[in-house]
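Notebook open, model loaded. I want to go through confidence, then the core, then the rings and the charges.

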Amino acid sequence: AANKLSREFEVYGSPYPIFPPGRPTPKESAEGVIELDDEGVTMLWKAPPSSGKKAIKEYIAYVKVKDGEFKEVRRIPHPSADVLKAGGNKVKAVLPVESG
């Protein structure tokens, strides 16, 4: 078993990602990507095509820092049909950056 794990490490590298210290740098805008800047974290996602005949009232964003519990960050109201259509059926939310 040790040889197999050693070989996997040689092929795939460490099973744990290595990140540079400090705050992540902002990324270029791309469809479905989470962006980070001084205003907060911008999330963009597609609204579900079907909700089982129930209206979506809002989305709830949670955050978890390290080994802590999940906590609610913001409630995002579901956009109107016109806003969704104009935005390519995407929901956008800017959430505050929090650290723990």
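**Confidence.** I started with how far to trust this one, since it is a predicted model. Confidence is lowest in helix α1 (residues 2-12), where the mean pLDDT is 67. At the other end, strand β4 (residues 71-77) has the highest, at 89. For the protein as a whole I noted a mean pLDDT of 75, with 64% of residues reaching 70 or more.

**Core.** Next I looked up the largest nonpolar core and got eight residues: A47, Y59, A61, I76, L84, V91, A93 and L95. Two strands, β3 (58-63) and β5 (90-95), each supply at least two of its residues. Which strand gives the largest share of this core? That is β5, with three residues.

I picked I76 out of the core and listed its contacts, skipping neighbours within four places in sequence. The list reads W45, E58, Y59, A61, V91, K92, A93 and L95. I see that Y59, A61, V91, A93 and L95 from that list are also core members.

**Rings.** My search for aromatic pairs came back with one. How are the rings of W45 and Y59 placed? Their centres are 5.2 Å apart and their planes stand at 80°, so I logged the pair as edge-to-face. W45 sits in strand β2 (residues 40-46) and Y59 in strand β3, so to speak two distant parts of the chain, 14 residues apart. I also checked whether Y59 is buried or exposed. Its relative accessible area is 14%, which is under the 20% cut-off, so Y59 goes down as buried.

**Charges.** How many salt bridges does a search of the whole structure find? I got two. In one of them R75 pairs with E58, and the closest N and O atoms are 2.4 Å apart. This bridge links distant parts of the chain, with R75 in strand β4 and E58 in strand β3, 17 residues apart. In the other, E72 pairs with R75, with 2.9 Å between the closest N and O atoms. Taken together, E58, E72 and R75 are linked in a network of salt bridges.

I then looked up accessibility for the three residues of the network. R75 has 44% relative accessibility and counts as partly exposed. E58 is partly exposed at 35%, and E72 is partly exposed too, at 36%. Partly exposed here runs between the 20% and 50% cut-offs, which is why these residues get that label.

**Cross-check.** Last note for the page: E58 from the salt bridges also turns up among the contacts of I76.

How values were computed:
Residues numbered from 1 in each chain as written. Predicted model: local features only at pLDDT ≥ 70, side-chain atom pairs only at ≥ 80, totals over all residues. Heavy atoms only, no water. Core = buried A, V, L, I, M, F, W, Y, C linked by side-chain atoms within 4.5 Å. Buried < 20%, exposed > 50% of the residue type's maximum accessible area, 1.4 Å probe, protein only. Helix = DSSP H or I, 4+ residues; strand = E, 2+ residues; numbered from the N terminus. Contact = heavy atoms within 4.5 Å. pLDDT = per-residue confidence, 0-100. Phe/Tyr/Trp six-rings, centres within 6.5 Å; stacked < 30°, edge-to-face > 60°. Salt bridge = Lys/Arg side-chain N within 4 Å of Asp/Glu carboxyl O.
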